[in-house]
Amino acid sequence: MKVRVWLAAAALLSAGAAQAQFQKPEDAVKYRQAAFTVMGAHFGRIGAMVQGRVPFDAKVAQENAALVVAMSKLPWAGFTPETEKLKSRTKPEAWMEMDKVRAGADKMVKAVAELEAATRTGNLDAVKKTFGDAAATCKACHDAYRE
Ligand code: ASC
């Protein structure tokens, strides 16, 4: 069962452009954490506009959303089986349900693409709506799989 899930995950990953090879398992952990960190930073800059903490600038929102989209595809390659026992905030459940993690990741990737599309319309309401939807996909996985 576990092997089958890993094969499915590996097939999905190798199908995309976001491939990564790691010298050692610790590098895979660092890589996925770095991608999440950069994604969060740029998502947060859009969040500041959505919440009215900084003025809405569609061009700036779009630039940040494009980075979020690029980052969104990366972390998953870092969840290699070799990293399961390494220290991180990933809960044991994630390793037992990697197919669900992957499905949640796919939802997030789709949601941030919709956010990026909304930023290109320049419509703040559309940005607010898609930002909220995207944040919900982040939260779903954090609640289930992050310590
Ligand atoms: C963010 C960020 C997350 C998500 C999450 C949504 O801005 O860094 O991890 O939104 O908090 O609930």
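From the N terminus on, the elements of the protein follow the order α-α-α-α-α-α. There are six helices and zero strands; helices (H or I, at least four residues) and strands (E, at least two) are DSSP runs, numbered from the N terminus. The model is a predicted one, in which local features need pLDDT of at least 70 and side-chain atom pairs count only at pLDDT 80 or more, while totals for chains, interfaces and linings use all residues. Residues are numbered from 1 along each chain as its sequence is written, and side-chain values use heavy atoms, with hydrogens and water left out.

**The protein as a whole**

Of the 147 residues in the protein, 36% are buried. Here buried means under 20% relative accessible area, exposed means over 50%, and partly exposed lies in between (1.4 Å probe, protein chains only). Among contacts (heavy atoms within 4.5 Å) between residues at least 6 apart in sequence, 77% join residues at least 24 apart.

**Helices H2 and H6**

The table sets out the spans of two helices; the expected span is 1.5 Å times one less than the number of residues.

| Helix | Residues in helix | Span between end C-alpha atoms | Expected span |
|---|---|---|---|
| H2 | 26 residues | 37 Å | 38 Å |
| H6 | 22 residues | 31 Å | 32 Å |

In H6, the buried residues are Val127, Thr130, Phe131, Ala134, Thr137, Cys141 and Tyr145. They lie on the same side of H6, because they cover an arc of only 120° around the axis; the arc is that of the directions from the helix axis to the C-beta atoms. The face turned away from this buried side carries the exposed residues Asp125 and Lys129. The buried residues of H6 pack against helix H2 (25–50), helix H4 (92–96) and helix H5 (98–121).

At the N-terminal end of H6, asparagine 123 acts as a cap, with a side-chain oxygen 2.9 Å from the backbone nitrogen of aspartate 125.

The buried residues of H2 include Ala28, Val29, Arg32, Ala35 and Met39. The cover over the buried residues of H2 includes H3, H4, H5 and H6. Just after H2, glycine 52 takes a positive phi of about 75°.

**The annotated binding site**

An unreviewed UniProt entry places the feature "binding site" at Cys138, Cys141 and His142. Cys138, Cys141 and His142 from this set are part of the lining of the largest pocket. UniProt positions are given in the numbering used here, feature names are shortened, and annotations may be inferred rather than shown by experiment. On a 1 Å grid over the protein atoms alone, a pocket is an open set of points where a 1.4 Å probe fits, with protein on both sides within 12 Å along at least five of seven lines; lining residues have an atom within 4 Å of a point.

Cysteine 138 is located in helix H6 (residues 124–145), and cysteine 141 also lies in H6. Cysteine 138 counts as partly exposed because its relative accessibility is 23%, whereas Cys141 is buried.

**Threonine 83**

Threonine 83 is found in the loop between helix H3 (58–72) and H4. Threonine 83 counts as buried because its relative accessibility is 0%. Not counting residues up to four places away in sequence, threonine 83 touches Pro25, Ala28, Val29, Arg32, Gly78 and Trp95. The C-alpha atoms of threonine 83 and alanine 28 are separated by 7.3 Å, although the two residues are 55 residues apart along the chain. In addition, a polar atom of the side chain of threonine 83 lies 2.7 Å from the backbone oxygen of threonine 80.

How values were computed: Polar contact = N/O pair within 3.5 Å; in protein donor to acceptor, adjacent residues only side chain to side chain.
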